[in-house]
Amino acid sequence: MAQPRESQVDIRYRYIIVGAGAVGGTIGGRLAQAGHDVVLVARGQHLQALQTHGLDLVDPLTKRRLQIPAVSGPHELELTPRDILVLAVKSQDTVAALAAWSERLASGGSTAGEILPLFLAQNGVENERVALRRFANVYSVCVWLPSVHLQPGLVVVRSAPISGVFVLGRYPGGSDDIARAVARDLSESGFDAHTSNDVMRWKYSKLLRNLTNALDAIVAPEYDSSAVLEAATAEAQSVLRAAGIDAASAAEEEQLRSSIDLSREVPGLVEAGSSSWQSLVKGSRSIEVDYLNGEIVLLGRIHGIRTPINSALQRIANDFAHNGAAPRSWSIEQMQKVIDEEIHRAA
């Protein structure tokens, strides 16, 4: 594997945020507020709003309109060795984004995939393997960032004064000066950022937490879906044990996330939810569930363990997205009926 550039701690990087939605918009906005060179990459009405009016970044304490350069893709930029790519698109969009950016030439005749660090600020655990096919220097970022992006040009951060928590490291393992420099820049920009030699241990812990995303997107909030979530999580933990995968404990994660403060309301924010819920609200016909609950289904099939609950959640969430169903429109009884049918089929 090609090695990254050494002694990079003091370089002032330009951060290219590929996917300037809830997570990417918050990262790019906070870095820009702290004086870092940032470019946002977006599409459609969101890109138009960023180019016309700027990024409105709102949290419980402040509202800022930030004028940050925004582009639609790599053809609009001249890449240099001081660039860092931060991929913040949904996992189902990773392959297309990697194909677009990895072949873009940087100064000196090398491609971005050959020389530029790529940081994956995404849910799930599959993006890293996919990225390593295209990029020599891949860094995984475990993200806890409670933010919402439902309107063009607007990103709402629900935690203040710390916007979110990150764990960063090289993939498949280790750390280096670049990871430490990025963690420093993020920490100076309103985040709580750490480096780890085993970042995937944290990513698998986050995967367990993200199993609730499908439920959050499907079941109406007046229903208690905790029993389904507990069963889906127990199913996933059995699969991870069978696969020999170590995940950080819930207690470790809670301690790390302690700087996230959701006690303050954000003015004007009526409803919030997971990234999967946000996809359905925006009318997206794709959803990230194949890389969340679907990851557990995949591992279960590889290791001979039935995963009917996660399979049911995967299937229902995909049906909601593909058919344009209203988010949070099912009762827990509807959900349980499908789960029971899936358990019966798996028996």
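The crossing of helices α13 and α14 is right-handed, as seen in this model, which is predicted. This briefing looks at that helix pair and then turns to strand β6 and the strands paired with it.

**The helix pair α13 and α14**

- Two packed helices are described by the angle between their axes and by the distance between those axes.
- Helix α13 covers residues 308-323 and helix α14 covers residues 332-346, and the two pack at an angle of about 130 degrees with their axes 8 Å apart.
- Because angles that fall outside the roughly parallel, antiparallel and perpendicular ranges count as oblique, α13 and α14 are oblique to each other.
- On the α13 side, the residues in contact are P308, I309, S311, A312, L313, R315 and I316, and in α14 they meet M335, V338, I339, E342, I343, R345 and A346.
- The residues of this contact between α13 and α14 divide into 10 nonpolar, 1 polar and 3 charged.

**Strand β6 and its surroundings**

- In strand β6, which spans residues 83-87, 5 of the 5 residues are buried, so the strand is largely enclosed by the rest of the structure.
- In a regular strand the side chains alternate between the two faces of the sheet.
- From β6, D83, L85 and L87 point one way while I84 and V86 point the other way, and all of them are buried.

**The strands paired with β6**

- Strand β1, residues 14-18, pairs with β6 in the parallel sense over 5 bridges, and V18 stands opposite L87 in β6.
- Strand β7, residues 118-121, also pairs with β6 in the parallel sense, here over 3 bridges, and L87 stands opposite L120 in β7.

How values were computed. Residues numbered from 1 in each chain as written. Predicted model: local features only at pLDDT ≥ 70, side-chain atom pairs only at ≥ 80, totals over all residues. Heavy atoms only, no water. Axes fitted to C-alpha atoms, helices over the stretch in contact; angles between N-to-C directions. Helix = DSSP H or I, 4+ residues; strand = E, 2+ residues; numbered from the N terminus. Parallel < 35°, antiparallel > 145°, perpendicular 65-115°, else oblique. Left-handed = near helix turned anticlockwise from the far one by under 90°. Contact = heavy atoms within 4.5 Å. Nonpolar A, V, L, I, M, F, W, Y, C, P; charged D, E, K, R; others polar. Buried < 20%, exposed > 50% of the residue type's maximum accessible area, 1.4 Å probe, protein only. Pairing = 2+ DSSP bridges.
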